[in-house]
Amino acid sequence: MAGQLSVDYEELVAAVGFFLGFGRGKAKGGRTWDANQQAAIDYCVRGGLRRFYHCGYDWSFLRPTGTVSLASGATLAFLPEDLGGIESAIVVLVADESLCCQVDLGRIGAVLSAEAQAPDSTGQPQLAAIEPIKGPLASRGQKFQLHVWPKADQAYTLKFTYYVNPAYLTGTHPFAYGGAQHA
């Protein structure tokens, strides 16, 4: 359960609707907003979220630690859907969660060049780069994968700090990043 000072999506749109003079909406006991009113409320909420998340302050809560699995024999691992970029070196862990090595993030050209020079190489990851997966679709934004060299000689867990591209609030994802103190 969220803290008592948290504001969820329903509360936020009700407050914006009230501020715009449309009332607090049906969910809060008021009248139903028409399509134009709902569009204006959504516009304001999206703009407010963008201004908050990207105000120039480096919010630590937008910098989680992520992990991805790299299967034995693989060179690709899908990155988190909300990835905005990787901010740290990549720590490589083996099956028992012990540290194997650390890999710095580089350019995809370096990884592809290493693959071309030694296509059958296997071992622990030595090079890594973020590679975009072709194009956004109507149902989702662009995704990314981590391309490593050489091919994994065993299963690895890759751990890193990244910055998120926050999603819009909805009824199923009602809370913004930052917790109650930023509600």
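**View 1. E10 and K28 form a salt bridge, with 3.9 Å between their closest N and O atoms.** The model shown here and in the views below is predicted. E10 sits in helix α1 (residues 9-19) and K28 in the loop between α1 and α2, so this pair ties together parts that lie 18 residues apart in sequence. E10 is partly exposed, at 38% relative accessibility. K28 is also partly exposed, with a value of 33%.

**View 2. K28 also meets E11 in a salt bridge (3.1 Å, N to O).** K28 belongs to the loop between α1 and α2 and E11 to helix α1, so the contact ties together parts 17 residues apart in sequence. E11 is partly exposed, with a relative accessible area of 31%. Shared partners extend the group: salt bridges join E10, E11, R24 and K28 into one network.

**View 3. The side chains of R63 and E87 meet in a salt bridge (3.2 Å, N to O).** R63 lies in the loop between α2 and β1 (65-70), and E87 lies in the loop between β3 (83-86) and β4 (90-93), so the pair ties together parts 24 residues apart in sequence. R63 is partly exposed, at 27% relative accessible area. E87 is partly exposed too, at 43%. The structure as a whole holds six salt bridges.

**View 4. D42 is buried yet has no salt bridge.** This residue is placed in helix α2 (residues 35-53). The nearest side chain of opposite charge belongs to R46 and is 4.6 Å away. A salt bridge requires the side-chain nitrogen and the carboxyl oxygen to be within 4 Å, so D42 and R46 do not qualify. The D42 side chain instead makes a polar contact with the side chain of Y168, at 3.4 Å. Leaving aside residues up to four places away in sequence, D42 touches Y9 and Y168.

**View 5. Y53 and Y177 make an aromatic pair, one of eight in the structure.** Their ring centres are 6.1 Å apart and their planes stand at 70°, so the pair is edge-to-face. The pair links distant parts of the chain. Y53 is in helix α2 and Y177 in the segment after β10 (156-164), 124 residues apart. Y53 is buried, with a relative accessible area of 6%. Y177 is partly exposed, at 31%.

**View 6. The rings of W59 and F61 are stacked.** Their centres lie 5.2 Å apart and their planes meet at 25°, so the pair counts as stacked. W59 is buried, at 14% relative accessibility. F61 is partly exposed, with a relative accessible area of 22%. Both rings belong to a cluster in which ring pairs link F52, Y53, Y57, W59, F61 and Y177. The Y53 and Y177 rings of the previous view are thus members of this cluster.

**View 7. A cis peptide bond joins W149 and P150.** Its omega angle is about -5°. P150 lies in the loop between β8 (144-149) and β9. K151 has its place in strand β9 (residues 151-152). K151 is partly exposed, at 33% relative accessibility. Not counting residues up to four places away in sequence, K151 touches G73, A74, T75, P119, S121, T122 and G123. F18 lies far from this site: the C-alpha atoms of K151 and F18 are separated by 57 Å, and the two residues are 133 positions apart along the chain.

**View 8. C44 and C55 do not form a disulfide.** The sulfur of C44 has its closest cysteine sulfur in C55, 18 Å away, which is too far for a bond. Seen from C55, the closest cysteine sulfur is that of C44, again at 18 Å. A disulfide requires the two sulfur atoms to be within 2.5 Å. C44 is partly exposed, with a relative accessible area of 30%. C55 is partly exposed as well, at 46%. A search of the whole structure finds zero disulfides.

Conventions. Residues are numbered from 1 along each chain as its sequence is written. This is a predicted model: local features need pLDDT of at least 70, side-chain atom pairs count only at pLDDT 80 or more; totals for chains, interfaces and linings use all residues. Side-chain values use heavy atoms; hydrogens and water are left out. Buried means under 20% relative accessible area, exposed over 50%, partly exposed in between (1.4 Å probe, protein chains only). Helices (H or I, at least four residues) and strands (E, at least two) are DSSP runs, numbered from the N terminus. Lys and Arg count as positive and Asp and Glu as negative; His and the chain ends are not counted. A polar contact is a pair of N or O atoms within 3.5 Å; within protein, one must be able to donate a hydrogen and the other to accept it, and residues adjacent in sequence count only if both atoms are side-chain atoms. Contact means heavy atoms within 4.5 Å. Rings of Phe, Tyr and Trp (its six-membered ring) pair if their centres lie within 6.5 Å; planes under 30 degrees apart count as stacked, over 60 as edge-to-face and the rest as tilted.
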